[in-house]
Amino acid sequence: MDITRWLKALEDTRLADGIRHSLYAFPLLESLHVMALSVVFGTIIIVDLRLLGLASTRRPVTRVTAELLRWTWSAFAAAAVTGALMFLTNARVYANNTSFRVKMLLLALAGLNMIIFHRTALRTIARWDRDSATPGASKSAAALSMVLWVGIIVAGRVIGFTTTGAEAKAAPPSIENFDDFLSGAADGAAPTQTGATARAAHDDAANLTIKVLMDTLVDPSGDFLFESVEDIADERGITHKAPQTAEDWAAVRHHLQVLMDAPALLDVPGRRAAEPTDRSRNPASESQPEEIQRLLDGQHADFVLRAERLRQAAAVGMDAANARDLKALFAAISLIDKACESCHLHYWYPNDERAHQAAKEEGGILE
Ligand code: HEC
């Protein structure tokens with residue numbers, strides 16, 4: 001199975017999502033992880049120092065280990081659990097992080113070192129349990145253990161510096177000379193580097209497809225509005241959800257404005273439906289990009305009209321929002337919904353009989 005998909009599936013678990021979205025979960029896990037690791041490291045170092053003949057030399061080795069190893073293992077379990085939970089939140093980034101890989105490798109080596117020590121030097125413990133100077137093999141195992149654990153701590157610390165914001169995109173190109181930037185963008189003056197960058201950005205905007213505009217602009221604002229004014233029926237009866245505070249109303253106005261502005265972007269002549277590679281997810285009902293494109297090319301004026309319906313519905317909503325008239329806003333949002341559906345029925349899923357039937361039953365949707 002594809003490991004990246006598997007890691008992504010870990011990131012998508014509800015547990016991972018919960019930790020990512022909680023203000024306290026990750027810092028709490030990290031603190032517990034560090035505390036657990038200090039106990040693991042601290043107790044292991046005491047045993048290592050005893051084996052090296054540098055500390056607790058008047059006590060038998062078995063007594064030192066008997067008293068400490070319970071703590072080592074309990075703390076190790078806690079460190080493993082907290083570590084795994086942190087890993088979930090950003091699995092792909094951690095799995096590809098060099099420090100993380102080094103830390104896991106060193107952990108495995110520390111485990112191997114321990115197993116070898118148990119099978120060799122420790123077998124003869126009865127003979128040197130009380131000696132302050134232990135045999136060479138156990139001294140080397142102890143020294144190696146210390147080195148590996150110091151490495152684990154250092155690598156673990158570096159993970160924190162090399163993964164934060166690892167998924168953030170590269171910074172946008174900086175604009176060094178504002179005049180060049182403006183003239184380059186406005187009239188294609190001498191192609192300075194910043195002017196060229198600006199023009200590239202401009203071309204990019206002209207290349208945005210309807211699908212991208214839907215996904216990034218129209219749909220998020222539509223969803224916001226559909227969810228901001230609604231009747232919710234649940235066990236407590238019917239509650240009316242509506243904007244309350246000045247900020248709520250400002251957000252409603254913002255999203256109405258987006259829907260008022262979007263038609264002008266949708267209408268740009270030559271605007272393509274989607275990239276050829278954007279295959280339909282439900283080909284039985286939704287058309288493929290080239291089918292949508294054929295319709296668009298043949299009837300640009302009709303498309304502009306349907307986009308204009310969206311703009312008008314949003315403008316009616318804006319008047320309602322300015323007057324803080326909830327009833328009028330509710331009606332306008334239902335008009336917006338119908339404008340979306342009207343355009344989709346015609347261009348996006350013209351062959352979806354069920355959608356056409358539902359539109360007829362609902363009424364008021366111009367097909
Ligand atoms: C003027 C026509 C028009 C209007 C108005 C319109 N859409 Fe669309 N929409 C389209 C077309 C065409 C597609 C199909 C694009 C494609 O996938 O090729 C589409 C696709 C979509 C998609 C699917 C995008 C994807 O990733 O496949 C969503 C979601 C969507 N629209 C939401 C909305 C919402 C919400 C509204 C109203 C607020 C709305 N649209 C209004 C024309 C319109």
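## An exposed alanine in helix 12

At 57% relative accessibility, Ala-264 counts as exposed, since the cut-off for that label is over 50%. Keep in mind that everything here comes from a predicted model. Ala-264 has its place in helix 12, which covers residues 246-267. Across space, the C-alpha atoms of Ala-264 and Ala-307 are 8.2 Å apart, although 43 residues separate the two in sequence.

## The chain as a whole

Let's step back for a moment. The protein chain holds 16 helices and two strands. It has 367 residues, of which 34% count as buried. Among contacts between residues at least 6 apart in sequence, 69% join residues at least 24 apart.

## Around the iron atom

Which protein residues donate to the iron atom of the ligand? They are Met-214, through SD, and His-344, through NE2, and they lie 2.0 to 2.3 Å from the iron atom. Six donor atoms surround the iron atom of the ligand, and the angles they subtend run from 83 to 178°, so the arrangement is octahedral. Met-214 belongs to helix 11 (residues 210-228) and His-344 to helix 15 (residues 326-348), so this pair ties together parts that are 130 residues apart in sequence.

Is Met-214 buried, exposed or partly exposed? Its relative accessible area is 22%, which makes Met-214 partly exposed, because the buried class ends under 20%.

## Ser-221 and its partners

Helix 11 also contains Ser-221. Unlike the exposed Ala-264, Ser-221 counts as buried, at 3% relative accessibility. What does its side chain make a polar contact with? The partner is the side chain of His-255, at 2.9 Å. Setting aside residues up to four places away in sequence, Ser-221 touches His-255, Val-258 and Leu-259.

Leu-259 takes us onward. Beyond its neighbours within four places in sequence, Leu-259 is in contact with Val-218, Ser-221, Gly-222, Leu-225, Leu-310, Arg-311, Ala-314 and Ile-336.

## The largest nonpolar core

Leu-259 is also one of the residues with the most contacts inside the largest nonpolar core, together with Leu-225, Leu-256, Leu-329 and Ile-336. This core has 20 residues. Helix 11, helix 12, helix 14 (300-322) and helix 15 each supply at least two residues of it. Two of these helices, helix 11 and helix 15, are the ones that hold Met-214 and His-344.

## Aromatic pairs

How many aromatic pairs does a search of the whole structure find? The search finds six. In one pair, Phe-87 and Phe-100 are stacked, with 5.2 Å centre to centre and 25° between the planes. This pair links distant parts of the chain, with Phe-87 in helix 4 (residues 61-89) and Phe-100 in helix 6 (residues 98-119), 13 residues apart. Phe-87 counts as buried at 18% relative accessibility, and Phe-100 is buried too, with a relative accessible area of 17%.

The rings of Trp-348 and Tyr-349 have centres 5.1 Å apart and planes at 45°, so that pair is tilted. Trp-348 counts as partly exposed at 31% relative accessibility, whereas Tyr-349 is buried, with a relative accessible area of 10%. Finally, Phe-87, Tyr-94 and Phe-100 form one aromatic cluster.

Terms used
Residues are numbered from 1 along each chain as its sequence is written. This is a predicted model: local features need pLDDT of at least 70, side-chain atom pairs count only at pLDDT 80 or more; totals for chains, interfaces and linings use all residues. Side-chain values use heavy atoms; hydrogens and water are left out. Donors are N, O and S atoms within 2.8 Å of the metal (3.2 Å for Na, K and Ca); water is not among the atoms, so sites may look incomplete. Four donors count as tetrahedral if all angles lie between 85 and 135 degrees; four count as square planar and six as octahedral if opposite donors are over 155 degrees apart and all others between 65 and 115; anything else is irregular. Helices (H or I, at least four residues) and strands (E, at least two) are DSSP runs, numbered from the N terminus. Buried means under 20% relative accessible area, exposed over 50%, partly exposed in between (1.4 Å probe, protein chains only). A polar contact is a pair of N or O atoms within 3.5 Å; within protein, one must be able to donate a hydrogen and the other to accept it, and residues adjacent in sequence count only if both atoms are side-chain atoms. Contact means heavy atoms within 4.5 Å. A nonpolar core is a set of buried Ala, Val, Leu, Ile, Met, Phe, Trp, Tyr and Cys residues joined through side-chain atoms within 4.5 Å. Rings of Phe, Tyr and Trp (its six-membered ring) pair if their centres lie within 6.5 Å; planes under 30 degrees apart count as stacked, over 60 as edge-to-face and the rest as tilted.
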